[in-house]
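Visitor: Please give me a close look at one sheet, strand by strand. Then carry on from there to the pockets and the other strands.

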Amino acid sequence: MGGDFRQILPVIRGGSREDIVRASISKSYLWKHVRLFQLTENMRLANENTSPAEKKTISEFSKWILDLGNGKLPAKAIRGEDDEATWIQIPEDLLMTCEDDQDPIEAIADAIYPDLIDNYNNKKYLRERCILSPKNEEVDKINDIMVAKIPRKERVYYSSDSISPLSMDFANAEMTYNQEYLNSQKLSGVPNHILRLKVGLPVMLTRNLNPSAGLCNGTRLIVTLLKKRSIQATVVTGTGAGRKVSIPRIVIQPTESHLPFILRRVQLPIKVCFAMTINKSQGQSIDNVGIYLPKPTFTHGQLYVAVSRTTSRKGLKILLEKTKDAVPEDYTQNIVYKEIFSNLKPVSAVTN
């Protein structure tokens, strides 16, 4: 096993802090049989081509990220919030600001994707950039705006939605919920009913299609051809980078949802990924990251995951929107469940 307990813990729908911590493997009865090894050496500092000044910057940035993940940064409690101090100050050089009459989404889009019209055909340019936000709602808004900027013909793919016969009380559910209601459902990990695509767009797989060929959940691709019921694309991340692949429509049935029935959606298993949720970005490595926080992050490790997607301080920009009068403009919430670290005692150390 390998992992980082500073990152997002298991997602428990409607679960409390205690439920989430209890679901983590470090609280399992098997944990007493685990020997814990810890990575301690930052190998980026061992690069001979890195100057002393660059090494100092990397070291300071790495320490700031680790302190953020461990909940060790200076924090303050906000009047009316819980007693726990969770609000931290974001360094000035990482903060983005926008004019009063400027749309914040447009501002962060221009900062992370400068000169988009001149570079949307450049795979390297697209691969090295992404905007992160906590919720799908904001991510969809950003992606819609970015897709509209690309001066190419659009093709719209509509899903075919139905209620799975495996649903409890299937006959009654079929009569109760109409097609319009099924089409309106937006579920985590499931592509939306309407998917607007153009040649050249960056997209991300939402399902494991062929892991041996590098087509895994989270793999990013660039669309190269739009067909009637499938697309062709070039893989730009992971073990299959550079491979040309065909992505068909498939049957997608979410295993967990808030719905009283099982939704059966036939759609391309992809999402446009100029922007993605922080949770979905876990495991990604991106040179230029913009973090858009119209509201603060809301669970353990989200802010840590977001800021640690890039290894370069100059490649990170954070845009905060003020949500409470009592909160200073350069502060945001950093949720850390410190009890998750209580029984992590390494027996040895290895280099990273």
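Guide: Start with strand β3, residues 87–89. β3 pairs with β19, and the two run antiparallel. Three bridges hold the pairing. Find Ile88 in the structure; across from it, in β19, stands Thr332. Keep in mind that this is a predicted model.

Now widen the view. The sheet has three strands, in the order β2-β3-β19. It is open, and its pairing is antiparallel. Which strands stand at the edges? They are β2 (75–76) and β19 (331–333). Each has a single partner strand, so one side of each lacks a neighbour in the sheet.

β19 also leads to the next stop. Tyr331 belongs to the lining of the largest cavity. Tyr331 is among the residues nearest the cavity centre, along with Leu320, Glu321, Lys322 and Thr323. How many residues line this cavity in total? The lining has 14. By class, seven are nonpolar, two polar and five charged. The volume is about 90 Å³. With a threshold of 30 Å³ or more, the count is one cavity.

Turn from the cavity to the open pockets. The largest pocket holds about 1700 Å³. Its lining takes in 44 residues, with Gly3, Asp4, Arg6, Leu39 and Tyr304 closest to the centre. Two elements each supply at least two lining residues: β1 (37–39) and α2 (52–70). α2 makes the largest contribution, with seven residues. The lining comprises 21 nonpolar, 17 polar and six charged residues.

The second largest pocket has a volume of about 1300 Å³. Which elements give two or more residues to its lining? They are α6 (136–149), β15 (270–272), β16 (275–277) and α9 (278–281). α6 gives the most, five residues. In all, 43 residues line this pocket. Val11, Asn136, Ser188, Gly189 and Asn279 lie nearest its centre. The class split here is 17 nonpolar, 17 polar and nine charged.

β15 takes us to another set of strands. It pairs antiparallel with β9 over three bridges. In this pairing Met204 of β9 has Lys271 of β15 as its bridge partner. β9 has a second pairing, with β10 (residues 220–226). That one is also antiparallel, and three bridges join the strands. Here Val203 faces Leu221 in β10.

Are the faces of β9 (residues 202–205) covered or open? Both faces are covered. Pro202 and Met204 are buried on one side. Val203 and Leu205 are buried on the other.

Leu205 is a handhold for the next residue, Ile247. Leu205 is one of the contacts of Ile247 beyond its neighbours within four places in sequence. The other contacts on that list are Leu209, Leu221, Ser230, Ile231, Leu268, Pro269 and Ile270. Leu221 has already appeared as the residue opposite Val203. Ile247 itself sits in strand β12 (residues 244–248). Why does Ile247 count as buried? The reason is its relative accessibility, which is 0%. For a longer reach, take Arg127, 120 residues away along the chain. The C-alpha atoms of Ile247 and Arg127 are 19 Å apart.

An annotation belongs beside this region. The unreviewed UniProt entry gives "domain: DNA helicase Pif1-like 2B" for residues 180–226. Within that stretch the chain is 11% helix and 32% strand. Its end C-alpha atoms are separated by 26 Å.

Finish with two backbone details. Asp115 is not a glycine, yet its phi is positive, about 55°. Asp115 sits in the loop between α3 (104–112) and α4 (116–119). Is Asp115 buried or exposed? Asp115 is exposed, because its relative accessible area is 55% and the mark for exposed is over 50%.

Now look at Asp169. Its phi is near 55°, again a positive value in a residue other than glycine. Asp169 occupies the loop between β7 (160–163) and α7 (170–176). Asp169 has a relative accessible area of 53% and is therefore exposed.

Conventions
Residues are numbered from 1 along each chain as its sequence is written. This is a predicted model: local features need pLDDT of at least 70, side-chain atom pairs count only at pLDDT 80 or more; totals for chains, interfaces and linings use all residues. Side-chain values use heavy atoms; hydrogens and water are left out. Helices (H or I, at least four residues) and strands (E, at least two) are DSSP runs, numbered from the N terminus. Buried means under 20% relative accessible area, exposed over 50%, partly exposed in between (1.4 Å probe, protein chains only). Contact means heavy atoms within 4.5 Å. Two strands pair if DSSP finds at least two bridges between them. UniProt positions are given in the numbering used here, feature names are shortened, and annotations may be inferred rather than shown by experiment. On a 1 Å grid over the protein atoms alone, a cavity is a set of points where a 1.4 Å probe fits but cannot get out, and a pocket is an open set with protein on both sides within 12 Å along at least five of seven lines; lining residues have an atom within 4 Å of a point. Grid points are joined across faces, edges and corners, and a volume is the space filled by probe spheres set on the points. Ala, Val, Leu, Ile, Met, Phe, Trp, Tyr, Cys and Pro count as nonpolar, Asp, Glu, Lys and Arg as charged, and the others, Gly among them, as polar.
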